[in-house]
Amino acid sequence: MDMNTIEAVVPTADPAEWRDGDAWLAGGTVLFSYGSYAFGQQPLKRLLDLGSTGWPAVTVTGEGIELAATCTVAELYALPDDPALGGHAGSWPALALIRPCCDSFVASFKVWNMSTVGGNLCTSLPAGPMISLCAALDGQATVLGPGGASRTIPVTEFVTGDGRNALAPGELLRSVHLPASALASRAAFRRLSLSNLGRSGVLLIGTLDAGGNLALTVTAATKRPIQLRFDAQPDAAALAAALDTAIPAALYHDDIHGLPAWRRDMTYRLAEEIRVELSAPAGGTPLHVSGDFWPPRASVPQALNASVDPTLNASPKERA
């Protein structure tokens, strides 16, 4: 979309240069889609372009993985095959979550090569799959402010609602750190959409660490990420009770991609699937993924696992 109110494009990553009427520009896939009034009633006047920052897209250390805010979806998708992982590739099983989350964009290669991790977090839509990935892997977001200020905030707290986040005016998301402890966990992934190749209506990720601690992260179904933690494996009743407590009815998202009642029902259903999967002994089997997209390098959409009721993808009217 033409943005005919823009007066200047300024290459900078310095929050001190931000002023009213500015917007940070990374990939621009949302910014250019929404136009000059993307972020409020006042038209945008300047774009602060992060394209020349030179930030490394991905940095791997023994402490985990640092994703620059400017890391593209395509760069992230390539990470599991990157030699830079070295010996970590075999010791971080949760790396298997990266590609299902990237696939959850259900987007063209053009979007993948422009859209960024940071942009997805800052847009803060419930269905943002980079929010799902980073929240589930205990991501810590580094936020820059004017005057050299810097603060760190968990991704589970960074997104505060539908299109809302914890950034103050002028603040800039610099990176997200995924700790090695989370990457070393076993993982389970579940995703559903009401339409074939549609936006996520429900996306849940479970992780189980070496100490037997279970974390369940609920996204897409809710207006913001919700994470439940258990010191020991819960039974079905305990899991359902925890979901009752953690997610009040008003927190379920409501839009054309799914009614709150459907999102709630599928959250409980998929949470129980994840609980059962991670309760079983680790057998070296690949990550089970449910969704309506296709796996890497396949030519046809991936079907739901045979154990999953095929009516899960149907609307309440269709299931009646």
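Me: Why is the sulfur of cysteine 134 not bonded to the closest cysteine sulfur?
Reply: A disulfide takes a pair of cysteine sulfur atoms within 2.5 Å. The sulfur of cysteine 134 is 8.5 Å from the closest one, in cysteine 101, so that is too far for a bond. Bear in mind that this is a predicted model, where local features need pLDDT of at least 70, side-chain atom pairs count only at pLDDT 80 or more, and totals for chains, interfaces and linings use all residues. Residues are numbered from 1 along each chain as its sequence is written, and side-chain values use heavy atoms, with hydrogens and water left out.

Me: How many disulfides does the structure hold?
Reply: Zero. Cysteine 101 is in none either: its nearest cysteine sulfur, in cysteine 102, is 7.2 Å away.

Me: Why is cysteine 71 called buried?
Reply: Buried means under 20% relative accessible area (exposed is over 50%, partly exposed in between; 1.4 Å probe, protein chains only). Cysteine 71 has 0% relative accessibility, so it counts as buried. Cysteine 134 is also at 0% and therefore counts as buried.

Me: What does cysteine 71 touch?
Reply: Leaving out residues up to four places away in sequence, it touches Ala57, Val58, Leu76, Ser115, Thr116 and Val117; contact means heavy atoms within 4.5 Å. Cysteine 71 and valine 58 are 13 residues apart in sequence, yet 7.0 Å apart in space, C-alpha to C-alpha.

Me: What makes strands S1 and S3 a pair?
Reply: Strands (E, at least two residues) are DSSP runs, numbered from the N terminus, and two of them pair if DSSP finds at least two bridges between them. S1 (residues 8-11) and S3 (residues 46-49) run parallel and have four bridges, so they pair.
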